[in-house]
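Here's a quick briefing to read with the model open in your viewer. Skim the lead, then dip into whichever topic you need.

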Amino acid sequence: MATFELYRRSTIGMCLTETLDEMVQNGALSPELAIQVLVQFDKSMTEALETQVKSKVSIKGHLHTYRFCDNVWTFILQDAILKTEDCQENVGQVKIVACDSKLLTQ
């Protein structure tokens, strides 16, 4: 399964990366093993989002920036409103990164 490294910039991904860096610096973990952990994290996040997340979200906002590069779309919305079945949340800025799912199965 091919994966993207998208989730490494999430809060949990950044915490994992910082922890692995600290463990490598302290000699508790080899750099090779730290890389394997990050690759497994990428695979696990992709699989979990495909199979376990059933929620739907509606997003409205003012499109500030959009970009298409290497089959990846990036959108930045300002004054966005996120709506789920249960609630609505106003947020200042949202960054959406979207990839073609067909690329994940190659």
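**Briefing: strands, rings and a salt bridge**

D79 sits in strand 2, and its phi is near 50°, a positive value in a residue other than glycine. Keep in mind that this is a predicted model. Strand 2 belongs to an open sheet of three strands, ordered 1-2-3 with antiparallel pairing. Beyond the sheet, there's one salt bridge in the whole structure, an aromatic cluster made of Y66, F68, W73 and F75, and a disulfide count of zero.

**The sheet**

- Strand 1 (58-69) and strand 3 (88-99) are the edge strands, each pairing on one side only.
- Going from one strand to the next, the twist averages 15°.
- Strand 2 covers residues 72-83 and pairs with strand 3 over 11 bridges, in the antiparallel sense.
- Want specific partners for that pairing? L82 has E89 in strand 3 as its bridge partner, while L77 is bridged to V94, also in strand 3.
- The link from strand 2 to strand 3 is a hairpin, and four residues make the connection.
- As general background for reading any sheet, side chains in a regular strand alternate between the two faces.

**Positive phi values**

- Which backbone angles deserve a look? Most residues other than glycine have a negative phi, so positive ones are worth flagging.
- D79, in strand 2, is one such case, with phi near 50°.
- D79 is also exposed, at a relative accessible area of 56%.
- N71 is another, with a positive phi near 60° in a residue that isn't glycine.
- You'll find N71 in the loop between strand 1 and strand 2, where this residue is partly exposed at 40% relative accessibility.

**The aromatic cluster**

- How many aromatic pairs are there? The count comes to three.
- Y66 and W73 make a tilted pair, with 6.5 Å centre to centre and 35° between the planes.
- F68 and W73 have ring centres 4.7 Å apart and planes at 40°, so this pair is tilted too.
- Y66, F68, W73 and F75 together form one aromatic cluster.
- Solvent access varies across the cluster: Y66 is exposed at 56% relative accessibility, F68 is partly exposed with a relative accessible area of 47%, and W73 is partly exposed at 35%.

**The salt bridge**

- Which side chains form the one salt bridge found in the whole structure? The side chains of D42 and R8 do, at 2.6 Å from N to O.
- D42 is in helix 2 (residues 31-51) and R8 is in the segment before helix 1 (11-25), so this contact ties together parts that are 34 residues apart in sequence.
- Are these two residues buried or exposed? Both D42 and R8 are buried.

**Cysteines without disulfides**

- A disulfide is a covalent bond between the sulfur atoms of two cysteines.
- A search of the whole structure turns up zero of them.
- Why doesn't C99 have a bond to C69? The closest cysteine sulfur to that of C99 is the one in C69, and at 11 Å it's too far for a bond. For reference, the cut-off applied to the pair of sulfur atoms is within 2.5 Å.
- C99 is partly exposed, with a relative accessible area of 25%.
- C87 is partly exposed as well, with a relative accessible area of 48%.

**V24 and its contacts**

- V24 is placed in helix 1 and counts as partly exposed, at 26% relative accessibility.
- What does V24 touch beyond its neighbours within four places in sequence? The contacts are L29, S30, P31 and A34.
- One of those contacts, A34, is 10 residues from V24 in sequence, with the C-alpha atoms 7.5 Å apart in space.

Methods. Residues are numbered from 1 along each chain as its sequence is written. This is a predicted model: local features need pLDDT of at least 70, side-chain atom pairs count only at pLDDT 80 or more; totals for chains, interfaces and linings use all residues. Side-chain values use heavy atoms; hydrogens and water are left out. A salt bridge is a side-chain nitrogen of Lys or Arg within 4 Å of a carboxyl oxygen of Asp or Glu. Helices (H or I, at least four residues) and strands (E, at least two) are DSSP runs, numbered from the N terminus. Buried means under 20% relative accessible area, exposed over 50%, partly exposed in between (1.4 Å probe, protein chains only). Rings of Phe, Tyr and Trp (its six-membered ring) pair if their centres lie within 6.5 Å; planes under 30 degrees apart count as stacked, over 60 as edge-to-face and the rest as tilted. Two strands pair if DSSP finds at least two bridges between them. Axes are lines fitted to C-alpha atoms, for helices over the stretch in contact, and angles run from 0 to 180 degrees between N-to-C directions. Contact means heavy atoms within 4.5 Å.
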